[in-house]
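User: Please take a close look at a single part of this model, one loop and the sheet that goes with it. Where does the loop sit, and what surrounds it?

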Amino acid sequence: MSLKILNKYRKKLILPVTLLLAVIGFINIYFILNITPRTNDECLWKQEKIGEDSVRIYFDLVKFEGITWNAGIRDGDDLLKIDGKKLRNIFHASYLADRKESGDSLVFTYSRNGQVFNTTIKVKKIIEFGSLAIALFGMIWLAVGFVVLSSKPFGLPQILFYRIGALFVMYSTFSVFTGNNLLNPIFQYPFLLLIADLIWIFGITFLPFLIVHFFWVFPIETKIIRKKFTSKILLITPTVIFIVTMIVRVFTVYVPSAKGEKMLIAPFFFVAVFTAFLLIALIVGLISLIISYTKLENPNERAPIFIVIIGYSLGIASILYVNTFARALAETVFNNPEYFLPIFLVILLPLAFGYSIFRYSLLDVSDVLKNAILYGTATFSLAGVYFLLIYVLGQTISEALTTEYQGVVAAGIFIIFAFIFQSTKDKFQNIITKYFYPEQFAYPKVLLKFSSDISTIVGMDNILDTVQDTFMDALKVEKFGIALRDPKTNSFVLKREDGFKNKKLYFPNNDNIITQTITDNLNLKHPNAFDQLEFESIFPCAYKQLEEEGIYTIIPLVIKNQIIGLLLFGLKHSGAQFAGKDLDLLIAAANQTAVAIENARLYEEEAKKIKLERELDVARQIQESLLPVDVPKIRNIDTAGVMIPAMQVGGDYYDLIKISDTQMFIVVGDVSGKGLSASFYMSKLQTMIQLFCKESKSPKEILIELNQKIAGNIEKQWFITLTIAFIDIAKRTIKISRAGHTPTLQYSNEVVKYLKPSGMGVGLEFGGIFESSLEELELPIVPRDIFIFTSDGVNEAMNDENKFYGYDKLVKVLKDKRDTSSDEIVNGIIKSLEKFRGSMEPNDDITLVVLKFL
């Protein structure tokens with residue numbers, strides 16, 4: 001949770017955190033220069049015990065012609081008093097000497113061979129060069145890191161680089177403990193002492209591991225950092241060390257301090273171990289940097305790294321020199337502090353980074369650092385000249401008026417000239433902007449025109465072409481691609497590209513890792529863009545191809561929190577990676593592109609919908625044309641029929657075919673499937689039935705012949721169910737044969753029968769099985785008998801409770817309406833169906849034929 005909050009407010013925290021660290025850094029430098037300097041008399045004081053309660057303090061390594069030498073003191077002389085105060089021990093002597101300011105005088109009382117002498121020396125102060133070098137190192141690195149992180153707050157190298165500067169500043173807090181404890185004001189405030197102790201220990205504990213981590217990902221990722229647990233080890237290890245260290249210090253420093261005992265804030269061994277760790281980390285970082293340098297093939301990439309290596313190497317060399325040769329040559333830092341001055345060469349490392357960033361776009365901040373500094377200077381100068389000019393003109397004119405209201409007049413003239421020269425100042429401002437930010441100056445104009453044009457372009461292909469032309473031609477991007485999400489495969493497929501080797505590049509969205517990561521970024525208000533260092537985690541199946549193609553930036557196309565595509569960018573025309581304001585402009589353009597693509601998709605869907613509706617209209621017309629226009633008039637038969645199509649055109653069909661005044665075929669069928677294809681098969685079916693329904697043929701024979709014609713010419717997933725009945729009034733019989741269709745209801749003598757002669761659907765089998773499965777019923781015709789032929793759209797009609805209409809309700813209507821006409825029976829069943837369904841749309845066509853014998 002805390003990490004998410006940090007990421008969410010990272011950009012807003014950069015400035016206040018940097019200012020806080022800068023304050024700490026300046027305090028450290030202030031202490032080094034003003035609080036902790038020691039008095040230097042260019043010799044050493046040594047102490048030896050001469051009794052249980054007394055000590056001897058004597059001079060050693062007195063520098064030839066130094067301050068103490070010139071005062072007449074030589075090696076072996078005993079120091080007795082300082083400023084007339086007898087010395088208790090060497091710490092007391094240091095206190096009396098260190099309390100003096102530079103340029104003050106000290107009176108030494110010393111003895112030689114039993115004779116006592118007094119001499120006066122001029123106080124010189126010496127600062128701790130190593131502490132000052134580390135403090136300056138940290139402040140410079142922090143300043144460069146602030147610019148680096150501000151340009152790309154979520155880049156891993158940028159974050160690590162900034163943290164190194166921050167930890168060096170924290171580590172330099174150690175300097176506040178140096179000098180004379182009795183004269184250092186921080187030792188009078190235990191709480192501040194504790195805070196400072198925590199800060200420097202935290203810095204020195206994490207710093208070595210952070211340096212190694214940074215140089216393992218910069219300038220290229222090393223194999224070791226790509227291993228699964230390396231990053232975790234580099235974080236967990238210093239965390240454990242810090243916790244253990246603080247536990248030890250609680251018992252060795254804080255508890256004794258609370259009891260009033262003497263405490264050692266930084267014992268020699270403790271400092272030496274951590275300093276050794278830091279030196280090892282710096283050497284490992286240098287080696288890693290050199291190895292990465294050898295793997296870089298592009299001369300433009302090698303040049304800035306070479307400069308950093310030179311600065312880095314000189315810094316390491318200065319540390320090694322100061323800790324070896326300088327100590328041997330100088331004997332003591334008090335006699336020859338100049339031998340320790342090379343330690344300041346360590347600041348060449350952050351300076352080398354700063355120069356490379358400024359000169360070679362290292363860490364992708366050239367547009368931020370170079371243009372920010374130069375552009376800011378030029379803008380500030382322009383503003384200064386502008387206000388100076390207005391002020392001089394105002395003062396000159398007001399003085400010429402010599403009125404008692406000269407001040408008021410001057411203010412009024414100042415305001416008037418400010419308005420007059422504002423447009424001129426704006427023109428100069430635009431010139432400066434265009435000079436320092438030529439790409440950014442062009443981008444708003446190009447993208448403004450793009451935003452205006454894209455909304456008027458129709459068609460997905462035209463939109464994609466316009467987007468590609470805008471970035472390749474107008475904005476001079478070296479490589480560019482558009483990948484759109486395929487809803488069927490959930491992958492992102494390359495639709496447009498320029499400069500790609502693999503023209504069929506695609507990005508599998510395995511486990512929705514791409515869409516989920518982008519969504520998480522949106523929730524955290526991250527910049528909605530990704531660079532190469534993030535490719536492996538987001539595009540695990542394609543990140544190597546992206547690197548080979550030279551893609552450095554990917555911006556997702558997002559509409560209503562749905563990721564519909566990706567914009568792929570190479571480097572800018574200048575050879576730099578997109579960052580800062582450029583990235584914000586690209587994200588804005590991506591948002592416009594996403595809207596245009598979504599509109600195009602909706603337009604295509606609407607066009608498909610219109611086409612489908614036209615298709616359905618044609619299908620409905622075909623379906624309606626197959627239905628009987630008029631009901632045939634057959635003696636002693638009352639016939640009625642209806643077919644109500646569902647929202648989607650289905651395959652229901654019925655026909656009443658008159659053979660003679662006493663003979664008629666009734667056909668009710670249902671073609672599997674819906675739409676135009678179903679209506680096409682219905683049309684074929686009607687044509688064949690019209691041909692086959694002859695007086696000489698029975699329903700079973702017609703179905704057999706029909707199956708022979710259709711079985712070989714219908715698609716495998718299609719079939720037809722049919723019921724064919726033949727009525728012969730002269731013979732008073734009705735023959736019924738059924739090919740997999742719904743049962744026929746017979747109402748006779750107040751009894752309802754379900755007539756279900758066996759048979760399988762037409763088209764399912766070609767040959768003997770179909771023929772052998774068919775059964776034909778022949779029944780006598782009895783006056784007042786009623787036969788009802790239906791499709792499954794009647795009995796399978798559903799309501800909003802997902803219950804079927806069934807046959808019971810149909811039978812009830814039939815019994816209630818048995819004494820009415822066939823039309824009224826049909827209408828009664830339809831009304832019953834509609835009441836049952838309620839607000840539910842019909843899920844299938846409804847076909848109903850009622851035959852009533854008089």
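Analyst: N490 is placed in the loop between β9 (480-486) and β10. The model is predicted, so local features need pLDDT of at least 70 and side-chain atom pairs count only at pLDDT 80 or more, while totals for chains, interfaces and linings use all residues. Numbering runs from 1 along each chain as its sequence is written, and side-chain values use heavy atoms, with hydrogens and water left out. Strands (E, at least two residues) and helices (H or I, at least four) are DSSP runs, numbered from the N terminus.

N490 is not a glycine, yet its phi is positive, near 60°. Its relative accessibility is 18%, so N490 counts as buried (under 20% relative accessible area; over 50% is exposed, in between partly exposed; 1.4 Å probe, protein chains only).

The strands on either side of this loop belong to an open antiparallel sheet of 6 strands, ordered β11-β10-β9-β14-β13-β12. β11 (506-507) and β12 (530-531) are the edges; each has a single partner strand, so one side of each lacks a neighbour in the sheet. Pairing requires at least two DSSP bridges between two strands. β12 pairs with β13 (residues 553-559) over 2 bridges, in the antiparallel sense, and F530 stands opposite I554 in β13.

Helix α18 (residues 513-523) packs on the sheet, touching β10 (491-498), β11, β12, β13 and β14 (562-569); contact means heavy atoms within 4.5 Å. The direction of α18 makes about 95° with that of β14, using lines fitted to C-alpha atoms, for helices over the stretch in contact, with angles from 0 to 180 degrees between N-to-C directions.
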